[in-house]
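Work through the exercises below with the sequence and the structure open beside you, and try each task before you read its solution.

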Amino acid sequence: MDDRNDNALLTPDEAAIYLGVTRELIFKYTKNNFARGFNKLPLKSESINGRTLFRLSMLDTFDLQLREKWSDNAKTRSSIPTCIRDHLIAESFNECSRCGTGNGIESAHIIPWSESLSHHPSNLIRICSSCHIEHDINNSLSTKELQRLKEQLIARTRRNIQTKLRTSAAFPIPQTCKNFVGRKEELEKLKSCIQSNESIAIVGVGGIGKSELVKEALKKQHTYKQTVWVNVEKYTDTKSIISSLNTELNINLPDVSILDIATCLDEIQACIVFDGIEQIGSNELESLEDFLSELSLSTKSTQFIITSQVKLLCFIPDKEICVFKLNSEESSTLFHLDFKHPFRKDDFVELIEFCNGHPLAIKIATSIAKFYRSPDAALDAIKEKSFNIPTRSNLNKSTSLEVCLAVAYDALNDESRKLLWILSELPNGIFDIYIDSHYLNIDSVEESFAYLKLWTLVEPIYKFKSFNRIGVLTPIRHFVRNKSYSKENLHELEKVFLNLAELHSVWLAATEYANREPERLGVYLSRINQELDNLLNFILTTCEKFRHQTLVDAAISIGMTIMKYFFVSNEPQRGGLMLAQLIKLSEEAKVFTGVATLLAQFLNLAIRSSNTEMIAEGKGYINSFDAVIAEPEKYPELFLAKAMAESEPNNIEKYALQACEAYKSMIAQESHPNERINDLNNGLSDALGILASAHLEQNKILEAKSTYLQVLELCNGSHIALNRGQTLHQLANCEAYLENDAGAIELYLEAASIFENVGMAEYIGNSICEIGYCYLNLKKIPHIPKKVDLEFALDDLYIEFKQLFEKNKLFDHHYSGNLIRKLAGVHYVFTLTGKSENLEDIFDKLFEQQLIPLLKKTSDANLREKINFSVSALYFVLVSGLLAAKAEKEKSNAGKASLETISQLFNLFVEYPTSNWLRDVTRIYEWLYLFLTHNLKINKQVVVRLIEFIKNNDSGLIHDEIDLQELFVGY
């Protein structure tokens with residue numbers, strides 16, 4: 001850990017990441033008998049404010065004693081402790097860690113027990129009996145190879161915990177209610193389904209307790225699975241749900257597939273709950289059910305739980321549980337628990353019967369009874385209200401909740417009602433610390449909040465660290481919004497939205513300022529993500545309902561600010577939808593500066609995600625906006641958008657220059673430094689960045705470098721974080737073109753560190769790739785990327801490879817060409833720095849799981865010819881990497897690579913003649929020379945002769961012969 005503090009306290013998840021084990025094993029370590037029969041002390045924990053925490057120094061001490069010998073001699077060997085064996089099974093998914101089979105799996109010591117006398121988890125691995133024999137008896141599976149496989153398992157465990165943490169924050173399980181009553185039969189059935197990993201649909205009317213049943217079952221069943229709770233009410237359509245899963249599961253693909261989501265859910269062993277699927281709306285419900293059906297069929301172990309008010313037609317669960325009303329005894333018990341004061345059952349029989357077994361209605365009715373202090377007075381209020389509701393002449397189960405809510409709502413004072421309206425516009429709730437008069441601009445807000453709690457209209461929806469997030473249940477929210485959105489209340493609702501505009505704007509400004517440093521970008525984006533549903537609700541509702549200038553300005557400003565989140569997370573669907581609505585709003589309100597800025601952001605997001613449909617849509621917006629403005633020079637962002645929409649470098653340069661001139665003119669008009677100048681400077685830096693990119697494409701390298709340096713000087717505020725990383729990468733490109741490769745490498749590494757803060761694997765992969773090409777020009781490798789950045793680069797390769805094959809992009813030679821070049825560049829970084837073994841696993845997976853199956857099923861000759869360029873180049877780069885890893889391994893074990901492996905590498909070049917493109921773009925000959933001379937220490941003259949023969953063979957013009965045995969005499 002950097003800047004480590006031995007007294008630092010870690011959560012169980014952080015402790016698990018630190019030790020590279022599962023969370024479950026961390027807790028097992030705290031038991032006195034975790035290693036029965038061995039002299040090992042348990043892990044000490046500390047309880048602070050009800051939270052179990054682990055001190056860093058104690059984790060080190062505990063791990064150190066685990067690494068000490070477990071026995072005095074090799075003959076005394078007790079069984080591996082059960083908790084460690086269970087951890088190994090979870091770590092490996094109970095598959096052979098080497099060959100992936102699921103039969104005859106055994107726990108093996110990496111360093112034999114006779115030498116290590118250790119059952120430390122890092123010295124144990126699950127492999128099949130065949131691989132175990134290879135290791136123990138045949139010695140054909142080396143200790144080093146097992147250690148490499150174990151490192152990959154530990155890295156996967158850490159990644160999965162981090163994904164689970166991210167998922168828990170984005171899709172938290174709502175808090176359970178204090179008093180769960182009845183439902184014994186349904187609860188046992190649901191617990192049994194959870195235990196047996198069956199898919200389940202819970203069906204019942206709104207507010208009947210479907211969600212509470214699921215939460216109670218999950219709490220009591222203690223499932224080992226990671227629960228992902230998707231509150232469907234927050235989303236406008238199925239695409240938004242898919243986009244959110246793509247981001248929060250850390251898949252981050254611009255065109256994510258259902259199979260991608262399914263694979264990730266299986267990896268984190270998920271139980272995914274889709275709560276209230278009918279809330280998506282009737283027009284989208286069929287689409288959502290189709291998605292759920294396909295997702296369910298695509299997963300292997302993920303469990304699905306669906307709650308719905310309507311019968312499912314497309315998604316067919318293993319079991320369906322219908323939730324009906326509570327019986328009279330259960331209703332009376334729930335009333336008694338909520339009422340708390342002693343009462344005679346007979347006094348409240350009629351009131352309880354009126355609620356007709358509806359749990360939420362009973363809770364509200366309890367509050368009514370407390371308020372009126374008399375069952376008769378409470379009933380009178382209910383009866384009076386029921387006959388004041390149009391079409392309500394009878395009291396029945398379909399009206400009980402509505403009537404109770406109406407009584408409670410009418411009893412509220414103006415300030416309490418205003419607070420309830422505000423909370424109903426925050427679908428993701430609000431932290432309880434923000435419920436104060438200063439933040440919400442409501443007099444006596446604490447008193448109003450207490451009043452809402454008294455009426456059971458608000459409650460904690462989930463806990464984050466030591467804070468409660470307060471929200472409104474869906475049936476109550478719908479009731480309140482029906483009231484607030486009525487025609488006679490729209491003026492008052494507008495005032496509430498003005499409150500919300502100030503609340504969101506102040507929070508965004510404070511959060512942005514507190515996290516303005518580049519290394520804080522990840523924290524900033526995680527906070528945006530936490531409030532995203534609330535911010536989007538404000539923006540989209542304003543677009544639909546209001547044209548008040550302050551609200552319009554606030555919606556545009558908030559949308560522009562949170563665009564950074566959509567850009568980094570690569571969410572074109574939700575980000576594009578929001579921007580399209582805001583562009584329309586800005587045009588209607590004639591906020592032309594807003595239109596221009598939003599257009600530039602829309603194009604930026606479209607290009608970031610390579611979304612051709614969005615780019616075309618953006619061009620349409622540009623044309624329509626261009627037609628209505630008289631003085632385009634007032635809108636530099638319009639020129640920015642036009643530059644981004646262009647593909648020709650000359651046109652890009654033209655529009656970028658126009659944007660620069662417009663920004664400079666506006667800056668000159670400002671008389672003294674202010675916030676507006678900062679914003680204009682950021683705009684100018686964006687324009688200069690596009691201009692510099694055009695210069696690069698035109699091969700004006702010195703001009704590009706000079707312009708990028710100006711970008712770094714002008715960037716300020718939160719703009720620095722992301723723009724600095726991109727600009728440093730482009731500056732590195734300039735240095736590489738100018739043959740300052742050592743300087744370029746330093747800049748690429750600095751850019752990668754910035755991208756690392758927000759996990760932008762694609763951008764890190766680009767930087768690592770370029771470093772590989774810089775290495776080819778240097779006699780000595782000056783800097784090696786950090787391990788974490790190398791891991792990001794491999795993750796990026798795997799994702800892009802899947803995209804290539806699953807999205808039929810093999811026919812797109814531009815896309816496949818870029819991937820081949822990146823694959824080769826990353827390959828060079830690993831193979832030229834002696835890290836080939838870290839490359840081997842991913843290259844082998846890509847080769848066996850992607851390339852070979854494609855070749856087997858591509859029997860059509862015409863199709864083969866069309867994809868031959870891509871496939872042959874990918875084959876060549878992958879196999880050269882695998883052979884390099886094999887040679888490095890042999891050199892490490894025997895002191896030199898075998899002649900057989902060198903011959904295989906040589907024959908690859910001879911038997912698969914490289915195209916001019918592959919030779920020129922990937923510079924594969926230069927890599928071969930460096931790898932053979934620098935890594936394998938083969939005589940330079942021998943290597944020169946080998947490459948000479950390969951080139952002669954490639955050209956076909958010169959007859960040449962070579963004898964490898966003779967050439968390598970003495971090697």
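**Exercise 1: a salt bridge within one helix**

At 16% relative accessibility, D63 counts as buried. The model used throughout these exercises is a predicted one.

Task: Explain why D63 counts as buried, and find which residue forms a salt bridge with D63.

Solution: Begin with the cut-off, which is that a residue is called buried when its relative accessible area is under 20%. The value for D63 is 16%, so D63 counts as buried. Next, look for the partner, which is R67, and note that the closest N and O atoms of this salt bridge are 2.9 Å apart. Finally, place the pair in the chain: both residues belong to helix α3, where R67 and D63 are four residues apart, about one turn of the helix.

**Exercise 2: the sheet beside helix α3**

Task: Work out the order of the strands in the open sheet that contains β1, β2 and β3, and state which strands stand at its edges.

Solution: The three strands follow the order β1-β3-β2, and their pairing is antiparallel. Because β1 (9-10) and β2 (46-48) each have a single partner strand, they stand at the edges, and one side of each is left without a neighbour in the sheet. To check the pairing of β2, follow the three bridges that join it to β3, residues 51-55, and notice that S47 stands opposite T52 in β3. Helix α3, residues 56-67, lies across β1 and β3 and runs at about 65° to β3.

**Exercise 3: two salt bridges compared by position**

Task: Locate the salt bridge of E145 with R148 and that of E770 with R821, and say where in the chain the partners lie.

Solution: Start with E145 and R148, whose side chains meet at 2.8 Å, N to O. Both lie in helix α7, residues 143-170, and are three residues apart, while E145 and R148 are each buried. Turn now to E770 and R821, where the closest N and O atoms are 2.8 Å apart. Here E770 lies in helix α34 (residues 761-775) and R821 in helix α36 (residues 813-832), so the pair ties together parts that are 51 residues apart in sequence. With a relative accessibility of 17%, E770 counts as buried, whereas R821, at 24%, counts as partly exposed. As a last step, return to the helix α7 pair, since salt bridges that share partners join E145, R148, E840 and K889 into one network.

Conventions. Residues numbered from 1 in each chain as written. Predicted model: local features only at pLDDT ≥ 70, side-chain atom pairs only at ≥ 80, totals over all residues. Heavy atoms only, no water. Pairing = 2+ DSSP bridges. Helix = DSSP H or I, 4+ residues; strand = E, 2+ residues; numbered from the N terminus. Contact = heavy atoms within 4.5 Å. Axes fitted to C-alpha atoms, helices over the stretch in contact; angles between N-to-C directions. Salt bridge = Lys/Arg side-chain N within 4 Å of Asp/Glu carboxyl O. Buried < 20%, exposed > 50% of the residue type's maximum accessible area, 1.4 Å probe, protein only.
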